[in-house]
Amino acid sequence: MNKYIFFRTDRIGDFLMSSILFKSIKSSDRSSRIIIIASKKNFEYIKNADFVDEVILFPDNFIKKFLFYLKFFLKRFYLVGILDGKKRSIYFSLIVRSKYKFLFTYKKFYSLVLKFLFTKIFLDENCKSKFDEIKNLLKFIGNSFSDKDLDTINYNRVNNYTLSISKLNKFILLHFDEKWIFNDYINSYKSIEPLNEKILLEFLEKIVSNSGLDLVVSTGSKQNKYIDFIKSEFSYLNKNLYVYKSINNKIYLYDNLSFTQLEKLILKSDTLITCHGAPSHVGAALNKKIIDIIDWSENEFFLKWTAHFRNHNLVYRDGFINVSKKILSFL
């Protein structure tokens, strides 16, 4: 058995990017056992991944961290992959033995100082994309990549998740989370917050009229005045579901969904509209049409993380009116 251990102690979107690597390894190496060291932010999600054999939560206090490192001291693996680039993960790589050790990092200093401790260090500035990094690692260890490895989410598993309403017509999904609200997100980014609540509702109606499809609006964990307004204008159906009858089609609001429920909505949707994040990576893994909103200041960074996306449409943050017009042009 070839034991692979990877550190992904960050977020769900980061894990979904790396899932291409894990699935490719599983396809190429039938004797592989894949272990992921996770964070609190992605631990529960990773437990459901079909191609992960074991997921371990990285501890959050000094004593538990010491015991964690002690547990693995001098253990042997086939491959150690430090995908999150964090110091705590690098420390782990120094105390275990393995045939291969790989580090993915943005820090040139690490690539110089640690180069003799790793089989290979993938420096971000030397790769066109994160997808290229994955393919290069696979090639290095003699594994092959297939286009089917991009489909990293199990359709049947996601389809079994429950929603308040099981039957939805063909629809567009708009994920309206805190990234739309200026004071709730990165203040250096251009604001795409609607000018007022009525303008947002008019935009939702335009999506329906332009596309001829129903629209589902999902929310993030934070409440805001726009979602409160929509609730007041919509009719309550059940649990966290509201509905609004537009001229031709319906607009639904799913409030405060779990991430697994959001996954199912993405699976069932025709098109996903979202500010870039974990939902974008879910859409890519499910091969959905994605209208992905990013800030121009991070253009190079986002392009590196989305090079493998299929049917991907970029919209740059530029004020709500301009952003809404661009979104509508893709429908």
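## A walk around helix α3 and beyond

Start by selecting α3 together with β1 (2-8), β2 (32-38), β3 (54-57), β4 (76-82) and α4 (87-95): these are the elements that the buried residues of α3 pack against. Keep in mind as you click around that this is a predicted model.

**Stop 1: the two sides of α3**

Which residues of α3 are buried? Show side chains for F68, Y69 and F72, and you have them. They sit on the same side of α3 because they cover an arc of only 90° around the axis. Now spin the view to the face turned away from that buried side, where you'll find the exposed residues I63 and K71.

While you're there, colour F62, I63, F66, L67, L70, F73 and L74 as one group. Together they make a nonpolar surface patch of about 800 Å². L67, one of its members, lies in α3, which runs over residues 62-72.

**Stop 2: the ends of α3**

Go to the N-terminal end and select N61. This residue caps the helix, with a side-chain oxygen 3.2 Å from the backbone nitrogen of I63. Then jump to just after α3, where L74 takes a positive phi of about 65°. You've already met L74 as part of the nonpolar patch.

**Stop 3: salt bridges**

How many salt bridges does the structure hold? There are 15, and here are a few to zoom in on.

Select K40 and D60 for a salt bridge whose closest N and O atoms are 2.9 Å apart. The pair links distant parts of the chain: K40 is in the loop between β2 and α2 (43-46), while D60 is in the loop between β3 and α3, 20 residues apart. K40 counts as exposed, at 63% relative accessibility.

Next, pick D151 and R310, another salt bridge, with the closest N and O atoms 2.9 Å apart. This one spans 159 residues, from D151 in the loop between α6 (130-140) and α7 (155-159) to R310 in the loop between α12 (299-305) and β14 (312-316). D151 is partly exposed, with a relative accessible area of 25%.

Then try D270 and K170, where the closest N and O atoms of the salt bridge are 3.7 Å apart. D270 is in the loop between α10 (259-268) and β12 (271-275), and K170 is in the loop between α7 and β7 (171-176), 100 residues apart. D270 is partly exposed at 29% relative accessibility, whereas K170 counts as exposed at 55%.

Before moving on, show D124, K130, E133 and K304 together: salt bridges that share partners join them into one network.

**Stop 4: K128**

Select K128 in the loop between β6 (120-123) and α6. Its relative accessibility is 74%, so K128 counts as exposed. For a distance check, draw a line from its C-alpha to that of F171: the two residues are 43 apart in sequence and 34 Å apart in space.

**Stop 5: H276**

Finish in the loop between β12 and α11 (278-285), where H276 is found. Is H276 buried or exposed? At 9% relative accessibility, H276 counts as buried, the cut-off being under 20%. Show D292 as well, and you'll see a polar contact of 2.8 Å joining the two side chains. To fill in the surroundings, add the other residues that H276 touches beyond four places away in sequence, including K179, H281, I293, I294, F302, T306 and F309.

Key. Residues numbered from 1 in each chain as written. Predicted model: local features only at pLDDT ≥ 70, side-chain atom pairs only at ≥ 80, totals over all residues. Heavy atoms only, no water. Patch = residues over 30% accessible without salt bridge, like charges linked within 9 Å, V, L, I, M, F, W, Y side chains within 5 Å. Areas by Shrake-Rupley, 256 points an atom, 1.4 Å probe, with all protein chains shown as cover. Salt bridge = Lys/Arg side-chain N within 4 Å of Asp/Glu carboxyl O. Helix = DSSP H or I, 4+ residues; strand = E, 2+ residues; numbered from the N terminus. Buried < 20%, exposed > 50% of the residue type's maximum accessible area, 1.4 Å probe, protein only. Arc of directions from axis to C-beta. Contact = heavy atoms within 4.5 Å. Polar contact = N/O pair within 3.5 Å; in protein donor to acceptor, adjacent residues only side chain to side chain.
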